[in-house]
Amino acid sequence: IFVNGIWEYLYMFCKIKRYAIYFFLFILLTNTLLLLIQEKRLKDITVLELCKKANINRTTFYKYYKSS
């Protein structure tokens with residue numbers, strides 16, 4: 001029972017951590033986008049530019065946000 005409890009706890013911890021990362025990135029990228037919109041038009045802003053300004057890797061962006 002103890003071992004199963006540990007795995008359930010770790011599973012829930014990882015799930016919560018992942019949601020926390022989504023939330024943190026959402027807030028960070030939203031604020032960064034709002035700053036960039038003051039400088040140029042939305043359609044002229046690239047993912048690379050957004051990531052550089054937010055100080056995150058582009059691969060991190062695409063890990064959490066799929067391209068359409």
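Start with the whole protein chain in cartoon view: three helices and zero strands, in the order α-α-α from the N terminus on. Helices here are DSSP runs of H or I with at least four residues, and strands are runs of E with at least two, numbered from the N terminus. This is a predicted model, in which local features need pLDDT of at least 70 and side-chain atom pairs count only at pLDDT 80 or more, while totals for chains, interfaces and linings use all residues. Residues are numbered from 1 along each chain as its sequence is written, and side-chain values use heavy atoms, without hydrogens and water.

Next, turn the C-alpha trace: along its principal axes the trace spans about 60 × 20 × 20 Å.

Now colour by burial. Buried residues (under 20% relative accessible area; exposed is over 50%, partly exposed in between; 1.4 Å probe, protein chains only) make up 16% of the 68 residues.

Then select Phe61, Tyr62 and Tyr65, which form one aromatic cluster. Rings of Phe, Tyr and Trp (its six-membered ring) pair if their centres lie within 6.5 Å; planes under 30 degrees apart are stacked, over 60 edge-to-face, and the rest tilted. The structure holds three such aromatic pairs. Look at Phe61 with Tyr62: ring centres 5.2 Å apart and planes at 90° make this pair edge-to-face. Swing over to Phe61 and Tyr65, where the centres are 5.4 Å apart and the planes at 35°, so this pair is tilted.

Finally, show the surface around these rings. Phe61 is buried at 13% relative accessibility, whereas Tyr62 is partly exposed at 35%, and Tyr65 is partly exposed at 24%.
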